[in-house]
Amino acid sequence: MHQITPETTHYELSLFCDVSIVTSDIRMGYGMVRYGIAGHCMFMPWLVNMKAAKDLLLTGREVSGKEAKDLGLVTEVVAPEELQEATRRKATLMARMPRDS
């Protein structure tokens, strides 16, 4: 699980997380491509459609939390003051799931 705040506004870590919760005031981007650094972007087409992945990775364009959720980059968008509680709720729900399967 990954909490994404305006201080951690990159895609890379969220690409590897099963659950990513962002604040509504977020602007996420993969700015490293502006410097010719591709990083772990090869996973993005599996999360979003190919055209959206190309758009984001070829331009370094930033998206809002709502657009990131609509694209499938993040799981949930919450108000900044609700981030800790939303993360705690999700973690508690996941921890209560059966482990025997």
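Here are some exercises on a predicted protein model, each with a worked solution.

Residues are numbered from 1 along each chain as its sequence is written. Because this is a predicted model, local features need pLDDT of at least 70 and side-chain atom pairs count only at pLDDT 80 or more, while totals for chains, interfaces and linings use all residues; side-chain values use heavy atoms, with hydrogens and water left out.

**Exercise 1. Find out how far the model can be trusted, and which element has the lowest mean pLDDT.**

Step 1: Get the term straight. pLDDT is the predictor's confidence in each residue, from 0 to 100.

Step 2: Check the whole protein. The mean pLDDT is 84, and 84% of the residues reach 70 or more.

Step 3: Go element by element. Strand S1 (residues 2-4) comes out lowest with a mean of 68, and strand S5 (residues 76-78) highest with 95.

Step 4: Keep a caution in mind. Where pLDDT is low, don't read the predicted coordinates in detail.

**Exercise 2. Work out how many helices and strands there are, and in what order they come.**

Step 1: Know what gets counted. Helices (H or I, at least four residues) and strands (E, at least two) are DSSP runs, numbered from the N terminus.

Step 2: Count them. You get five helices and five strands.

Step 3: Walk along from the N terminus. The order is β-α-β-β-α-α-β-α-β-α.

**Exercise 3. Decide which residues of helix H3 are buried and where they sit around the axis.**

Step 1: Set the cut-offs. Buried means under 20% relative accessible area, exposed means over 50%, and partly exposed is in between (1.4 Å probe, protein chains only). Across the protein, 35% of the 101 residues are buried.

Step 2: Pick out the buried ones. In H3 (residues 50-59) they are Ala52, Ala53, Leu56 and Leu57.

Step 3: Look down the axis. These buried residues fall within an arc of 115° (taken from the directions from the helix axis to the C-beta atoms), so they line one face of H3.

Step 4: Recall the helix rule. An α-helix has 3.6 residues a turn, so residues three or four places apart point the same way.

Step 5: Turn to the other face. Away from the buried side, H3 carries the exposed residues Lys51 and Leu58.

**Exercise 4. Compare the span of helix H5 with the expected one, then find its buried side.**

Step 1: Work out the expected span. The rule is 1.5 Å times one less than the number of residues.

Step 2: Compare. H5 has 13 residues and reaches 18 Å from its first C-alpha to its last, close to the 18 Å expected.

Step 3: List the buried residues of H5. They are Leu83, Ala86 and Thr87. They cover an arc of only 100° around the axis, which puts them on the same side of H5.

**Exercise 5. Trace the salt bridges around Arg61, then look at the one made by Glu76.**

Step 1: Start with the idea. Side chains of opposite charge can pair when their charged atoms come close. A salt bridge here is a side-chain nitrogen of Lys or Arg within 4 Å of a carboxyl oxygen of Asp or Glu. The whole structure has five of them.

Step 2: Take Arg61. Its salt bridge with Asp55 has the closest N and O atoms 2.7 Å apart, and in its salt bridge with Glu67 they are 3.1 Å apart.

Step 3: Join the pieces. Asp55, Arg61 and Glu67 are linked in a network of salt bridges. Asp55 is partly exposed at 29%, Arg61 at 30% and Glu67 at 27%.

Step 4: Move to Glu76. Glu76 pairs with Lys90, the closest N and O atoms being 3.7 Å apart. Glu76 lies in strand S5 and Lys90 in helix H5 (residues 83-95), so the pair ties together parts that are 14 residues apart in sequence.

Step 5: Check Lys90 itself. Lys90 is partly exposed at 23% relative accessibility. Its C-alpha is 8.7 Å from that of Val19, although the two are 71 residues apart in sequence.

**Exercise 6. Locate Phe43 and say whether it is buried, partly exposed or exposed.**

Step 1: Place the residue. Phe43 lies in the loop between strand S3 (27-28) and helix H2.

Step 2: Apply the cut-offs. With a relative accessible area of 33%, Phe43 is partly exposed.

Step 3: Find a residue from elsewhere in the chain. Leu15 is 28 residues away along the chain, and the two C-alpha atoms are separated by 6.7 Å.
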